[in-house]
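Work through the exercises below with the structure open beside you. Try each task before you read its solution.

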Amino acid sequence: MADVIAKVGDGLWNAVLMAWEVWWALVLGFAISAIVQAWVPRERVERALAGDGLRPVGRATALGAASSSCSYAAIAIAKSLFQKGASAASALAFQFASTNLVWELGLVLWVLIGWQFTLAEYLGGLVMIALMWLLLRVFVSREDEATAREHAQSADAGHQHHAAGSAVPWRERLTSAQAWSDVAHNFRGDWQMLWKEILTGFVLAGFIALLGDDFFNGLFLDDAPAAVQTLWGAVIGPVIAVLSFVCSVGNVPLAAVLWSGGLSFAGVMAFIFADLIVLPIVFAYRKYYGTSFALRISALMLVTMILAALIVDLVFSALGLIPEARPTTNDVFGSIELDYKFVLNVFATLVFVALIGLTMRRGAIDPVCGMSVDRATALRLDHDGHTHFFCSEHCRSTFVARASGREQANDGGHAHDHDHAAQHGRV
């Protein structure tokens, strides 16, 4: 029992050390993403992605790169864009870009396993988008796309971030409390959606690192020729991602452990790319677009992820950019010391507290989904003597429906009591 407790303690301490390594990068990345989400009007995004062709796909890529890294937010926004006229290629490009070309992901990769992985992530994201655009019609016909759009338009819209962009000049936004409140609520919304994935990623990485070299050597075929290791890694990487249920930035800590354990460069990249096909997200595709389209785009994404990982590996091998030395477990998890990371983490904590504090001072909690919203910009509803605030029309409608259901149930209960009393009176 003492050994078990010690192992649990070691795994959790590994998770704490890894969180310490990347805390400042996470906060900085989420803050930049929140500024873009808050200050770029959603309507402009939707107009830019309407239609089919290379130009909308290019715009979707650029806008996705400036968006949130949350996989769940990415697929929800992509579904909304698809409903309103964006092509399947544009919607998928937005998803790829918003989960592979974003600030926070690149920063965390750089901190944990090196700039080569950050560069490979950005190059691989572009390669995946290009492959997806070229292979789309092999997997999805125009008829399939039209059917999926009809399904998406009738599907439950769900709630999304409130994008509060306006025509206010940038200089005025920098000194506007309302503008920074918009940023703060998007910042908090991203953390609300992603904290479980990030925490799970750290904890999984902390415990998987305890498995030892023998386990990793067998799983990653370290005794096989280099070409076999590369091909096997590009296949096993997405499988590990799907089974781990972790996505977005939460994938990176585990990717660092897999790289330290001997997974090929292609395998690590394929693992990171595969955050859009973890099982909960595939189930969301099925809800949004129907079973057939969900399976088709999942298969398309799996193929593009494997091919992109192999292409990036080939390019980096030719240029001599694949790191030869792998970090040890101690290198990956680091240590807590009084150094530059300490200063950066203290500053990041101050930024985090300031933004979260701003949402508490100016915000309210959506009673349906639990999201923090700005009182000044949120949807409102006066009910039963109280004012409620909502992140979206969907949540407000859900609240009204639930309230009506409770009132009808209460009325039914009162009617039953009256009938029961009347019956006893007759007796």
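**Exercise 1: an aromatic pair**

Trp-23 has a relative accessible area of 23%, and it therefore counts as partly exposed. The model in which this is examined is a predicted one.

Task: Find the ring that pairs with Trp-23, and describe the geometry of the pair.

Solution: Begin with the whole structure, in which a search finds 15 aromatic pairs. One of them joins Trp-23 to Phe-352, with the ring centres 5.3 Å apart and an angle of 55° between the planes, and this pair is tilted. As a next step, place the two residues: Trp-23 belongs to helix H1 (residues 2-39) and Phe-352 to helix H18 (residues 340-362), so the pair ties together parts that lie 329 residues apart in sequence. Phe-352, with a relative accessibility of 22%, is also partly exposed, since buried would require a value under 20%. Finally, follow the ring pairs further, and you find a cluster that links Trp-23, Phe-187, Trp-191 and Phe-352.

**Exercise 2: the two sides of a helix**

Task: Decide which residues of helix H15 (residues 279-289) are buried, and which on the other side are exposed.

Solution: Start with the buried residues of H15, which are Ile-281, Val-282, Ala-284, Tyr-285, Tyr-288 and Tyr-289. Looking down the axis of H15, you see these buried residues fall within an arc of 155°, so they line one face of the helix. On the other side of H15, Phe-283 and Arg-286 are exposed. Then ask what the buried residues pack against, and the answer is helix H4 (71-83), H5, helix H8 (142-154) and helix H16 (291-319). Two details complete the picture: Lys-79 lies over the face of Tyr-288, at 4.8 Å from the ring centre, and Gly-290, just after H15, takes a positive phi of about 95°.

**Exercise 3: a residue inside helix H5**

Task: Is Gln-95 buried or exposed, and which residues does Gln-95 touch?

Solution: First locate Gln-95, which sits in helix H5 (residues 88-100). Its relative accessible area is 2%, and Gln-95 is therefore buried. Leaving aside residues up to four places away in sequence, Gln-95 touches Ala-74, Ile-75, Ala-78, Leu-276, Tyr-285, Tyr-289 and Met-301.

**Exercise 4: a hairpin**

Task: Describe how strand S3 (residues 379-383) is joined to strand S4 (residues 386-390).

Solution: The two strands run antiparallel and are joined by five bridges, with Leu-379 standing opposite Phe-390 in S4. S3 and S4 form a hairpin with two residues between them, and in the turn Asp-384 has a positive phi of about 55°.

Conventions: Residues numbered from 1 in each chain as written. Predicted model: local features only at pLDDT ≥ 70, side-chain atom pairs only at ≥ 80, totals over all residues. Heavy atoms only, no water. Helix = DSSP H or I, 4+ residues; strand = E, 2+ residues; numbered from the N terminus. Buried < 20%, exposed > 50% of the residue type's maximum accessible area, 1.4 Å probe, protein only. Contact = heavy atoms within 4.5 Å. Pairing = 2+ DSSP bridges. Phe/Tyr/Trp six-rings, centres within 6.5 Å; stacked < 30°, edge-to-face > 60°. Lys NZ or Arg CZ within 6 Å of the ring centre and 35° of its normal. Arc of directions from axis to C-beta.
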